[in-house]
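Subject: The structure we talked about

Hi,

Here is the structure I promised to send over. Please have it open while you read, as my notes follow below.

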Amino acid sequence: MRSLMYHYVREDSKIFPYSRHKNISKFIKEIDFLKKDYEFYRTSDLLDIKDLNKGYVLTFDDGLKDHLNVAEILKSKNITASFYIPISPYLNESIMPVHKAHLICSKLGGKALDMLYDACNDLGFDYKSIISEEEKSRFSKSYTHQNDDEAIKDFKRLINYYGKLGLREKLLNNIINKLDISIDPKDFYLTVDEIRYISSLGFEIGSHSVSHTLLSRLKFEEQLYELKKSKMFLENTLKKKVHSFCYPYGGKSSYNNTTIEILKKVGYDNSISVESRDILIYDIKSNNYELPRYDC
């Protein structure tokens with residue numbers, strides 16, 4: 001069994017020439033190819049499956065507007081999937097920092113790193129001051145397996161893994177304003193009604209935390225808020241239980257044992273990470289809070 005992770009599934013854009021997305025036509029070709037020989041499942045279905053040899057799980061992260069089209073394409077082909085939703089956009093009505101970083105990189109490519117250094121100067125400090133040596137050592141392998149420009153990887157590490165979380169918002173806003181990027185969150189994310197609609201089509205809706213923050217950097221109380229608040233919001237929205245969780249950023253360093261303890265405590269049945277390997281019987285029986293996925 002293999003689980004595949006998607007984010008942006010959209011047409012190419014001249015405005016964002018460096019966008020890392022799956023082109024819609026290529027996406028359709030991929031799933032049509034897989035549909036010839038394989039069955040499709042939702043993440044939570046895996047806990048009851050005995051034969052893992054003939055299946056795929058399609059997962060879509062971040063509650064992006066793209067996923068409305070994706071859901072309708074999949075439904076037309078009788079394919080099921082799981083969609084993971086962070087809820088901050090519905091609480092704050094703003095673009096989350098992780099997606100501001102995506103927009104900047106999609107616009108500039110590797111030049112995003114230079115803009116980050118300029119933003120540090122604008123705000124009056126040396127960029128090295130945002131780097132914690134402990135975190136630099138701890139997260140040094142983040143993004144190493146991504147097929148991306150090295151400058152973009154450095155940009156993402158500085159924004160997502162190093163330094164003070166509150167500071168990244170100021171840095172990103174500085175760059176966003178300079179680039180004159182203005183996107184209405186209602187055009188970027190699924191609306192609440194669209195989440196309900198996707199659920200009504202038979203797809204699984206899972207939690208992707210509140211704010212898409214690196215959980216392993218947070219204290220117990222902060223992690224509890226991220227995991228419990230998001231679950232309650234989605235369950236109140238859908239009027240049904242949310243069984244599955246998806247770790248923001250997904251790699252082994254993005255969560256810790258405390259995260260898994262809280263997931264169990266607040267009632268999640270499984271969670272899914274990012275690890276390039278197949279799902280094994282062992283994972284279903286003994287490792288269902290670290291189910292692996294391939295990044296597409």
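In which helix is the place of Tyr 117? Tyr 117 sits in helix H5, which covers residues 111-123. Please keep in mind throughout that this is a predicted model. Tyr 117 counts as partly exposed, because its relative accessibility is 27%. Setting aside neighbours within four places in sequence, Tyr 117 is in contact with Tyr 127 and Leu 158. If you want another point of reference, the C-alpha atoms of Tyr 117 and Asn 173 are 13 Å apart, with these positions 56 residues apart along the chain.

Cysteines

You may wonder how many disulfides a search of the whole structure finds. The number is zero. As a reminder, a disulfide is a covalent bond between the sulfur atoms of two cysteines. For Cys 105, the closest cysteine sulfur is in Cys 120, and it lies 14 Å away, so the two are too far apart for a bond. The cut-off for a disulfide is a pair of cysteine sulfur atoms within 2.5 Å. Both cysteines are tucked away from the surface: Cys 105 is buried with a relative accessible area of 6%, and Cys 120 is buried at 0%.

Strands

Let me turn to strand S1, residues 2-6. Four of its five residues are buried, so S1 is largely enclosed by the rest of the structure. S1 has these pairings:

- With strand S5 (residues 55-61), S1 runs parallel, and five bridges join the two. Here Leu 4 has Leu 58 in S5 as its bridge partner.
- With strand S10 (residues 294-295), S1 pairs over two bridges, again in the parallel sense. Met 5 stands opposite Asp 295 of S10.

S5 is also joined to strand S6 by three bridges, and these strands run parallel. Asp 61 has Tyr 84 in S6 as its bridge partner. S6 itself spans residues 82-85. Which way do its side chains point? Ser 82 and Tyr 84 point one way, Phe 83 and Ile 85 point the other way, and all of them are buried. This fits a general pattern: in a regular strand the side chains alternate between the two faces of the sheet.

Helices

Now for the helix pairs. Two packed helices are described by the angle between their axes and the distance between the axes.

Take helix H2 (residues 66-76) and helix H10 (residues 192-200). Their axes come within 10 Å and cross at roughly 20 degrees. Angles under 35 degrees count as roughly parallel, and H2 and H10 are therefore roughly parallel to each other. Their crossing is left-handed. On the H2 side the contact is made by His 67, Leu 68, Ala 71 and Glu 72, and on the H10 side by Glu 194, Tyr 197 and Ile 198.

H2 has several buried residues, namely Asp 66, His 67, Leu 68, Val 70, Ala 71, Ile 73 and Leu 74. What do the buried residues of H2 pack against? Their partners are strand S2 (9-10), helix H1 (24-35), S5, S6 and H10.

The other pair is helix H11 (residues 220-238) with helix H12 (residues 257-266), whose axes come within 10 Å and cross at roughly 40 degrees. That angle makes H11 oblique to H12. H11 passes H12 in a right-handed crossing. From H11, the contact is made by Phe 220, Gln 223, Leu 224, Leu 227, Lys 228 and Lys 231. From H12, Thr 258, Thr 259, Ile 262, Leu 263, Lys 265 and Val 266 take part.

Backbone angles

Finally, a few backbone angles to look at. Most residues other than glycine have a negative phi, and most peptide bonds are trans.

- Asp 62 is not a glycine, yet its phi is positive, near 95 degrees. It is found in the loop between S5 and H2, and it is buried, with a relative accessible area of 1%.
- Asn 78, just after H2, takes a positive phi of about 60 degrees.
- Lys 239 is not a glycine either, and has a positive phi of about 60 degrees. Its place is in the loop between H11 and strand S8 (244-246). Is Lys 239 buried or exposed? Lys 239 is exposed, with a relative accessible area of 71%.

Happy to go through any of this with you.

Best wishes

How values were computed
Residues numbered from 1 in each chain as written. Predicted model: local features only at pLDDT ≥ 70, side-chain atom pairs only at ≥ 80, totals over all residues. Heavy atoms only, no water. Buried < 20%, exposed > 50% of the residue type's maximum accessible area, 1.4 Å probe, protein only. Pairing = 2+ DSSP bridges. Axes fitted to C-alpha atoms, helices over the stretch in contact; angles between N-to-C directions. Parallel < 35°, antiparallel > 145°, perpendicular 65-115°, else oblique. Left-handed = near helix turned anticlockwise from the far one by under 90°. Contact = heavy atoms within 4.5 Å.
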